[in-house]
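Work through the exercises below with the sequence and the model at hand. A worked solution follows each task.

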Protein chains: 2
Amino acid sequence: MSRFAVLGGGGFLGVNLCRFLLQAGHEVTSFGRSMPFQRVLAGCECIEGDYRDQAAVGRAIHRADVVFHLISDSTPQAANADMVMDIENNLVPTVSLLKTCAETGIRRVIFISSGGTVYGRVQSIPIHEDAPIEPITAYGVTKVSIEKYLAIFEYLHGLDYRVVRLANPYGPFQRSAKGQGVIAAFVERIVDNRPLEIWGDGNVVRDYIFVDDAMEALVAAANDTSSHRVFNVGSGIGHSLNDLVRELESLLGRPLKVAYRQGRPVDVPVNVLAIQRARDVLGWAPRTDMRQGLEATLGWASSWMAQGVTV
Amino acid sequence: MSRFAVLGGGGFLGVNLCRFLLQAGHEVTSFGRSMPFQRVLAGCECIEGDYRDQAAVGRAIHRADVVFHLISDSTPQAANADMVMDIENNLVPTVSLLKTCAETGIRRVIFISSGGTVYGRVQSIPIHEDAPIEPITAYGVTKVSIEKYLAIFEYLHGLDYRVVRLANPYGPFQRSAKGQGVIAAFVERIVDNRPLEIWGDGNVVRDYIFVDDAMEALVAAANDTSSHRVFNVGSGIGHSLNDLVRELESLLGRPLKVAYRQGRPVDVPVNVLAIQRARDVLGWAPRTDMRQGLEATLGWASSWMAQGVTV
């Protein structure tokens with residue numbers, strides 16, 4: 001049994017990770033601005049607080065062996081619109097966090113970086129970890145900067161770390177209201193009986209990974225003993241938005257209405273991660289295909305929305 | 001004739017660049033926290049101000065075609081000691097500057113990055129522009145982040161730019177009091193008749209470039225019409241600290257006392273830049289060998305210190 005602190009524990013990935021760790025019998029402290037799904041986290045110590053409040057963050061991590069850093073107070077669109085805000089709210093508190101972790105004697109920090117934005121517009125897919133890092137959004141730059149600060153804290157202070165460059169995760173507890181995830185938005189509109197919305201022509205290709213698979217990779221990264229520091233984690237398979245629509249139509253057995261909107265400059269045309277390093281080094285592999293994942297997500301959304309919860 | 005704004009115009013590189021541009025008949029506005037060498041900048045518009053004051057920066061650049069960004073309110077040691085301060089004082093105001101440049105219709109931004117810190121501990125020398133970017137100081141991370149933001153501003157707003165990853169520049173107007181440059185420190189101690197100080201065993205190898213050569217490269221980058229965005233600028237030749245001492249001894253015709261101190265973790269063991277891209281694309285080449293450069297620097301320091309100026 002280990003003691004884990006999950007920063008960003010109130011969000012989509014955080015709730016899933018806390019549940020996953022609790023089920024495995026670990027001690028978990030969840031820290032976040034709000035805890036909308038606290039009732040599914042029995043046995044979890046939940047601390048509400050602002051990430052920029054160093055003392056509060058310090059209380060959340062002080063007993064932990066391993067800290068998962070899942071906080072991202074931004075989206076690619078929001079970060080481009082106000083880059084200084086993005087630096088102040090994400091980069092600065094993370095540097096302070098790493099200082100606290102080094103001083104507290106945290107064994108390892110696992111940082112969830114963005115496999116979908118750090119590489120930018122790539123020449124070829126799938127994208128390996130050592131591909132050029134050329135983000136086209138401030139969101140991606142901040143993630144890259146945090147990765148670099150992690151390396152410096154290890155170099156200067158011996159703070160161990162792993163970076164998980166996560167593809168596009170989806171599944172239960174993802175809420176489209178937060179501007180996260182096209183699958184969450186699709187599923188919500190299906191349950192709500194509204195037409196789906198697509199930015200661009202629907203040919204944008206992404207690597208969607210079911211959240212349970214992603215959580216297994218995070219835990220494997222926490223236990224990794226290799227000399228690697230950065231791991232791509234995705235399904236390794238590309239799906240276009242139009243593919244997703246067809247898969248949902250096939251699952252539901254009926255056609256779906258789609259409204260196509262103007263494309264956005266923050267969207268790279270294609271992103272599929274090479275996941276061989278995570279397979280080889282972490283002994284991890286994704287296990288959920290797109291159909292199974294979408295089915296689980298639809299089931300979750302229907303049940304939560306039936307309870308009157310806004311997903 | 002073009003109109004240039006030089007941000008950081010009061011510092012070592014800034015004074016040299018302003019002089020160089022003025023001599024070529026250009027209109028120059030120099031902006032900096034202080035202007036200690038204003039008397040050598042006849043005809044230059046000099047504006048004193050804080051880089052974090054966006055309005056003041058806006059006034060300095062509003063008539064410029066090209067903006068040279070030479071400001072660095074930090075050193076590798078200072079940045080590691082207070083990384084948040086480094087972000088707040090360097091990264092944040094630069095992002096604001098780029099926004100202002102995009103809004104003002106600046107034709108091009110030339111950013112002086114750090115060839116000595118962005119690459120980190122390298123596997124092989126000389127270091128090409130596409131070598132891995134693995135800084136071991138927060139100073140280097142900030143430089144890398146700024147490079148990435150430049151790419152994003154070009155992508156989003158069409159703001160043209162060039163990055164010059166400068167090796168270790170030295171020459172007239174460099175002052176050791178600012179914590180800059182081992183050659184400035186050596187020369188000052190020689191003029192002052194004190195023993196030289198070396199951190200480590202003196203085998204640390206750097207690529208020292210005489211400032212006049214560096215200035216020619218900056219102007220070439222301002223005029224570049226290629227699709228390249230990043231250029232290494234150095235001598236392409238490595239010298240150890242002990243080499244420098246021997247060269248100075250040979251120039252002076254007498255032995256120098258050296259005090260060896262404990263090495264510092266911010267110092268990578270070796271850094272020599274590959275400068276073929278700047279040679280081929282910019283048509284530029286360094287022209288001053290180490291002996292000539294040291295002689296010019298010694299001459300300048302002796303004459304300024306004879307005038308009672310603290311260099």
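**Exercise 1. Determine how many residues of chain B are in contact with chain A, and which elements supply them.**

Solution. Step 1: count the contacts, where two residues are in contact if their C-beta atoms, placed from the backbone, lie within 7 Å. On this criterion 23 residues of chain B are in contact with 23 residues of chain A. Step 2: assign them to elements; α4 (83-104) and α5 (138-157) of chain B are those that give two or more residues to the side touching chain A. The largest share of that side, ten residues, comes from α5(B). Helices (H or I, at least four residues) and strands (E, at least two) are DSSP runs, numbered from the N terminus.

Before going on, note the conventions: residues are numbered from 1 along each chain as its sequence is written, while chains are lettered from A and ligands numbered from 1 in the order in which they are written. The model is predicted, and local features need pLDDT of at least 70, side-chain atom pairs count only at pLDDT 80 or more, and totals for chains, interfaces and linings use all residues.

**Exercise 2. Find the operation that superposes chain B on chain A.**

Solution. Step 1: superpose the copies by least squares on the C-alpha atoms of residues with pLDDT of at least 70 in both. Step 2: read off the result, a rotation of 180° with 0.0 Å of shift along its axis, at RMSD 0.0 Å. The two copies are therefore related as by a two-fold rotation axis. Both copies use the same surface, since 100% of the contact residues of chain B recur in chain A. Step 3: locate the axis; S145(B) is the residue of chain B that comes closest to it, with its C-alpha at 3.2 Å.

**Exercise 3. Give the strand order of the open seven-stranded sheet of chain A and identify its edges.**

Solution. Step 1: trace the pairing, counting two strands as paired if DSSP finds at least two bridges between them. The order is β3-β2-β1-β4-β5-β6-β11 (chain A), with parallel pairing. Step 2: β3 and β11 (230-233) of chain A each pair on one side only and are the edge strands. Step 3: examine β2(A). Strand β1 (residues 3-7) of chain A pairs with β2(A) over five bridges, and R3(A) has E27(A) as its bridge partner. On the other pairing, β2(A) and strand β3 (residues 45-48) of chain A share four bridges, with S30(A) opposite C46(A).

**Exercise 4. Is A167(A) buried or exposed, and what is it in contact with?**

Solution. Step 1: place the residue; A167(A) is in the loop between β6 and β7 (168-170) of chain A. Step 2: apply the cut-offs (buried if 20 or more other C-beta atoms lie within 10 Å of its own, exposed if 12 or fewer, partly exposed in between; C-beta atoms are placed from the backbone). A167(A) has 26 other C-beta atoms within 10 Å and is therefore buried. Step 3: leaving aside neighbours within four places in sequence, its contacts include G115(A), G116(A), D207(A), V233(A) and L273(A).
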